Amino acid sequence: MTTPEPTPEPSHEPSRESTPEQPSAGQTPAGQGSIAPAPADKVHRSPLGIASGIFLLLLAALFAGDAMARGEGRTPWFALAGLVLAVPLIVAFTIRPAVYSNEDRLRIRNPFRSIVLPWAAVADVRAGYSSEVITQEGAKYQLWAVPVSLRQRKKAARAAARASQDDPHGRTSVTADVRDSASRIAPSDKTVADLRELAELRATAPGAQGEPQVRWAYEILGPALAGLLLLVILLATG
């Protein structure tokens, strides 16, 4: 009498079939090295300008809304045309201005233009009665987002004058040169000094080479011109 043969137990060894290897984090599918992320921007803006812009927008919306709701005849149309014209201009001069800087370039967002300047193209960043950047070709671009505070300048000059009284050589300097540490009390002067220092350090970096790029802000100019055109048509046909 024969006994039944025992059935083979299932094997617990892992399958030897090859599976496609997944690329690890930070590597490309071809197994290349990680791609360096783009440098992060440091943003410089005017808090006072943003606050005043929001206030003016609310005020314009209040007056225009009241005129369109209660006005008679052509008044609502004039209110609408004025609102379409005013809103882009308010945004352009208060909320829009900003300065973005990183290790490779300086990007300036002014009311009606955007300027991209690689650090190699920057000759100087200075603050007189306004903050401005000068290119190697001699072009000047104002930094609307970094307004100069003459009040802070005067405070810095008085502080420098008091400090000079302790100087045994009697040297006195009350100029508004942002290279002086006493002048950096004003936030705008501190920002300009930081941008100048970054331009000097990164001027020869490989990623900071290139030519200036200037673009008109059509997203501001288009609506403003439309509002102006509507206002002119209403005045001409009235």
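1. Buried here means under 20% relative accessible area, exposed over 50%, and partly exposed in between (1.4 Å probe, protein chains only). By that yardstick D194 is partly exposed, with a relative accessible area of 24%. Its salt-bridge partner is K190, with the closest N and O atoms 2.8 Å apart. K190 is partly exposed too, at 37% relative accessibility. The two are four residues apart in helix 4, so about one helical turn separates them.

2. Some housekeeping: this is a predicted model, where local features need pLDDT of at least 70 and side-chain atom pairs count only at pLDDT 80 or more, while totals for chains, interfaces and linings use all residues. Residues are numbered from 1 along each chain as its sequence is written, and side-chain values use heavy atoms, leaving out hydrogens and water.

3. Searching the whole structure turns up eight salt bridges (a side-chain nitrogen of Lys or Arg within 4 Å of a carboxyl oxygen of Asp or Glu). One of them joins R202 and D104 at 3.6 Å, N to O. R202 sits in helix 4 (residues 187–202) and D104 in the loop between strand 2 (98–101) and strand 3 (105–109), so the pair ties together parts 98 residues apart in sequence. Helices (H or I, at least four residues) and strands (E, at least two) are DSSP runs, numbered from the N terminus.

4. Have a look at D124 and R196 as well, whose side chains meet in a salt bridge at 3.2 Å, N to O. D124 belongs to strand 5 (residues 122–127) and R196 to helix 4, so this contact links parts 72 residues apart in sequence. R196 is buried, with a relative accessible area of 8%, whereas D124 is partly exposed at 23%.

5. Lastly, R96, R215 and E219 are linked in a salt-bridge network.
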